[in-house]
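Trainee: I have a chain to go through with you. Can we take it by question and answer?

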Amino acid sequence: MDLLSATAVEIREAVSSGKVSAREVAKAYLDRIAQVDPKVHAFLYVDPDWSLSAAEAVDKKRAAGKALGALAGVPVAIKDVLCTKGIPTTCGSRILENFKPPYAATCVRKLLAADAVPIGKTNMDEFAMGSSTENSAYGPTANPWDLSRAPGGSSGGSAAAVAAGMAPLALGSDTGGSIRQPAALCGVVGMKPTYGRVSRYGLVAFASSLDQVGPFSRRVRDAARLLSVISGHDECDSTSIQSPVEDYEAALGSIKGLRVGVPKEYFVEGLDKEVEALTRKALGTLERQGAILEEVTLPHTPYAVATYYIVCTAEASSNLARYDGAHYGFRQKGTKDIIELYSQTREAGFGDEVKRRIMLGTFVLSSGYYDAYYLKGLKVRRLIKQDFDRAFEKVDVIAGPTTPTAAFKMGEKSEDPLAMYLCDIFTISAPLAGLPAISVPCGLTSEGLPAGFQIMGKVLGEKTVLSAAAAYEAAAGFDKRPRNLS
Amino acid sequence: MSEGRSKMDRATVEYVARLSRVALSEAELQLFSNQLSKILDYIAQLNALDTTNVEPLAQAVENVNVLREDIVKESLAPWEALANAPEKVGDFYKVPAVLE
């Protein structure tokens, strides 16, 4: 069995049947990381003791004849925005350089309870603000398909880790596309669940009305399994949804008669011709599986990016007020009073994009501008959600491209914040409307770069979204992997 | 959202930086003034939409009044909560004097 190309489901079966030990699996992935990650830099923290002790605990559990969890012995990479107890959690920021959380995020706790093996913490744009992972204070991550290109972001480390075979599964967080966009650019599966499906407790907050934790994998079935493990109500997050956890994997099935909406606003100028062709081909594949395609309209799509940058920056400016140099994290030395302590600590501790968003958010919430910007943004957010409500009266899912282009060169957009924001044009609406959405690989461009096919569903429509993605995947059979990494 | 002049002139950036408690450098004031003005120009396209009688939407999956029993549970010990403090004295965070 080739452990590095096995699916999570296969690894779990092999571990639970004793064909391979969890320790051997962890060792294989740690070796792969040691070999490949110097080129990719997907990880900010790898600790063999942490991973191997978790793996050995799984092996002991098996030896004792105890029942094993749904992810027994499966290595999972964890985005560095999720709190891991006693393990550094930096959010890609200097301001949290030495931060070791005193508690674990609920999704991390559930992962460990399912006998998964943490394989490391992954790189990200600082505080999840960015679309290229170039905003990390610890240096960028490279796209495993072409090391001169960005992997997307903000969960670029998690996407690259899965793409490069350094982890079969990873957790990321998605606020405006931070799971789906890097998944598309790295040729892996990535899913943002319905807002509230996964607890945000222990997810370091960026924009609380949008943030959602979700899975990365190479196969849809693996993503379904990981999502089933981390989903569910949590009394520590009052926005988590009460409805019971479903077995998403068991729900994967036929899509005969599935009504698929194709939004005309997603096939516009700026969409790369090759990405468009791959997306249309993917739609044709769904149709051949028995789905019924229907054009729908989401007329406020052109306003989504502007709306998002009001809402997310307003929330970020409030959430990031906690970094004050007093309670935890970095403190600037030698300041003479408390205001200077705050201001100097934040000036030295935050990178440019984080400062820009705090400033923009403070501005749109400030006296005299609140109605014109923040309130206006919330009203347009309602219009965007109503677009989806209307479309979903006719269709079960909505499908189109995940990103307008394949992976771009590092540095290409880093000097122009607005150009970077526009990378998220197709992913930004789903979080504004709270909807689940997945990106599945749908082929390679002539330059050998992956493109992603996005499927969005209704609130709590995870089963339908995953079924459509799995049916597409089975029919399309994308099994390309990046080469020349080792 | 007034059209025309730069929306984030230097004075506005300085004011917002003060509200945000970020001690920006001279170079950053200039850079952010340019970049934020461009972003606000882009955002101004929302003016094209008539939003009279549209209710603002703060959270997409609307939840109201989530309540739970008020039960005392175990929480972090003071030493755990303070473990990451840059400076502390006993069970307290230490900061520069706030009052003279």
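Trainee: Is A:Ala128 buried or exposed, and what is its relative accessible area?
Mentor: Keep in mind that this is a predicted model. A:Ala128 sits in the loop between β3 and α5 of chain A. The cut-off for buried is under 20% relative accessible area. A:Ala128 is buried, because its value is 4%.

Trainee: What is phi of A:Ala128?
Mentor: Most residues other than glycine have a negative phi. A:Ala128 is not a glycine, yet its phi is positive. The value is near 70°.

Trainee: Which residue in the loop between α4 (106–113) and β3 of chain A should I look at next?
Mentor: Look for a positive phi in a residue that is not a glycine. One such residue has phi of about 70°. With a relative accessible area of 7%, this residue is buried. The residue in that loop is A:Asp115.

Trainee: Which peptide bond is cis, with omega near 10°?
Mentor: Most peptide bonds are trans. The one to check leads into A:Ser154, in the loop between β3 and α5 (156–163) of chain A. The cis bond runs from A:Gly153 to A:Ser154.

Trainee: How many residues of α5(A) are buried?
Mentor: Go along the helix. A:Gly156, A:Gly157, A:Ser158 and A:Ala159 are among the buried residues. A:Ala160, A:Ala161, A:Val162 and A:Ala163 are also among them. The helix is largely enclosed by the rest of the structure, because the count of buried residues is 8 of the 8.

Trainee: Which residue with a positive phi follows α5(A)?
Mentor: Step past the helix end. Phi there is near 70°. The residue is A:Gly165.

Trainee: What span does helix α3 of chain A reach from its first C-alpha to its last?
Mentor: The helix covers residues 48–63, which is 16 residues. At 1.5 Å a residue, 22 Å is expected. The model comes close to that, at 22 Å.

Trainee: Which elements do the buried residues of α3(A) pack against?
Mentor: Start with the residues. A:Trp50, A:Ser51, A:Leu52, A:Ala55 and A:Val58 are buried. Residues three or four places apart on an α-helix point the same way, because there are 3.6 residues a turn. The partners in chain A are α1 (8–16), α2 (22–40), β1 (43–45), β2 (75–79) and β3 (117–122).

Trainee: How far apart in space are A:Gln386 and A:Ala321?
Mentor: A:Gln386 is in helix α13 (residues 371–391) of chain A. A:Gln386 is partly exposed, with a relative accessible area of 29%. A:Ala321 is 65 residues apart from A:Gln386 in sequence. C-alpha to C-alpha, the distance is 32 Å.

Trainee: What is the radius of gyration of chain A?
Mentor: Chain A has 16 helices and 11 strands. The globule rule gives 23 Å for 486 residues. Chain A comes close to that, so it is as compact as a globular protein of that length, with a radius of gyration of 21 Å.

Trainee: What share of the contacts in chain A with a separation of 6 or more comes from residues 24 or more positions apart?
Mentor: Take burial before contacts. Buried residues make up 67% of the 486 residues. For the contacts you ask about, the share is 76%.

Trainee: How far apart are the mean positions of the positive and negative charges of chain A?
Mentor: Chain A exposes about 15500 Å², with 50% of it supplied by carbon and sulfur atoms. There are 55 positive and 54 negative charges. Their mean positions are apart by 3 Å.

Key
Residues are numbered from 1 along each chain as its sequence is written. Chains are lettered from A and ligands numbered from 1 in the order in which they are written. This is a predicted model: local features need pLDDT of at least 70, side-chain atom pairs count only at pLDDT 80 or more; totals for chains, interfaces and linings use all residues. Side-chain values use heavy atoms; hydrogens and water are left out. Helices (H or I, at least four residues) and strands (E, at least two) are DSSP runs, numbered from the N terminus. The radius of gyration is taken over C-alpha atoms; the globule rule is 2.2 Å times the number of residues to the power 0.38. Buried means under 20% relative accessible area, exposed over 50%, partly exposed in between (1.4 Å probe, protein chains only). Contact means heavy atoms within 4.5 Å. Accessible areas come from the Shrake-Rupley method with a 1.4 Å probe; for residues, only the protein chains shown count as cover. Lys and Arg count as positive and Asp and Glu as negative; His and the chain ends are not counted. The place of a charge is taken as NZ of Lys, CZ of Arg, CG of Asp or CD of Glu. The expected span of a helix is 1.5 Å times one less than its number of residues.
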